[in-house]
Amino acid sequence: MDRWLPVFGHRAAELVVEPGDVRLTDRRERGLHNEFGPHYDEHVLARFIEGFLEPSGILDPGRVPEALRVTDRDVVVNVRRGDYVTNEANWRSYGFDVDDYLRSALARSVDVGGPIRRILVVSDGIDWCEAHLGWLTDFCEVLDFEDTGQPPEVHLAVLAHAPRLVLANSTFSYWGGYLSAWRSSRPEQVVAPWFHVRTARDGAAWQLDPRWSIVKDIPTGWALPS
């Protein structure tokens, strides 16, 4: 939290409580309240984006370096690595065959948005992506990897300003999808995996905007790679 509060500015402090200010008798509410539909929808998200995120400056176009700016002929692919793969418990909960999913997701992106000129890969494990995802050139004319060491807030801005996205099964990716759909008014151009985590709801993600293009099945059935 300390890492992100300064990024969102002084108003972010209004949304958090210091541990010392929580009394023993204060009511505790369990759960994350992060299910699309019952807890929020595109209208609630729009109010939050316009009333909080935009004024914070996190979405300013100038945050995106020129080399990372994309058009509606390009697709930004977000690949989640980090502790999804370095932590064994997380890997067993969240892992699936990335190649298998990306082939299905990019085919869906072409169906929805037409041929892809450029793919830009944004990831918290970009070295792995560069080593393993060269085959993405099968779907595009130009393949680029964001390997300049930009911080997460810049990566979020890249996703937010991308008209076409392929998401991972992570909250960071989902927020990129919400922001992209809000900016472009083309939610169908956001492609997301049906799968989120094995430990809940038989794997089904509950954070997805139903207007997105959802990849419901992949050949390996969301199983962990052998």
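## Fold and pockets of a predicted model

The chain folds into eight helices and six strands; helices (H or I, at least four residues) and strands (E, at least two) are DSSP runs, numbered from the N terminus. This is a predicted model, in which local features need pLDDT of at least 70 and side-chain atom pairs count only at pLDDT 80 or more, while totals for chains, interfaces and linings use all residues. Residues are numbered from 1 along each chain as its sequence is written, and side-chain values use heavy atoms, with hydrogens and water left out.

Along the sequence, the pattern reads α-α-β-α-α-α-β-α-β-α-β-α-β-β. The radius of gyration (taken over C-alpha atoms) is 18 Å, close to the 17 Å that the globule rule gives for 226 residues, so the chain is as compact as a globular protein of that length. That rule is 2.2 Å times the number of residues to the power 0.38.

Let's turn to the sheet. Its six strands form an open sheet in the order 3-2-1-4-5-6, with parallel pairing; two strands pair if DSSP finds at least two bridges between them. At the edges are strand 3 (142-145) and strand 6 (213-215), each pairing on one side only. Helix 7 (residues 152-160) packs on the sheet and touches strand 1, strand 2 (118-123) and strand 4, where contact means heavy atoms within 4.5 Å. The direction of helix 7 makes about 145° with that of strand 2; axes are lines fitted to C-alpha atoms, for helices over the stretch in contact, and angles run from 0 to 180 degrees between N-to-C directions.

Now for the pockets. On a 1 Å grid over the protein atoms alone, a pocket is an open set of points where a 1.4 Å probe fits, with protein on both sides within 12 Å along at least five of seven lines; lining residues have an atom within 4 Å of a point. Grid points are joined across faces, edges and corners, and a volume is the space filled by probe spheres set on the points.

| Pocket | Volume | Largest share of lining |
|---|---|---|
| Largest | about 560 Å³ | helix 8, four residues |
| Second largest | about 280 Å³ | helix 8, four residues |

Of the 17 residues lining the largest pocket, Trp 4, Phe 8, Phe 48, Leu 53 and Trp 175 lie nearest its centre. This lining divides into 16 nonpolar, one polar and no charged residues. Here Ala, Val, Leu, Ile, Met, Phe, Trp, Tyr, Cys and Pro count as nonpolar, Asp, Glu, Lys and Arg as charged, and the others, Gly among them, as polar. The second largest pocket has eight nonpolar, four polar and no charged lining residues, including Phe 48 and Trp 175.
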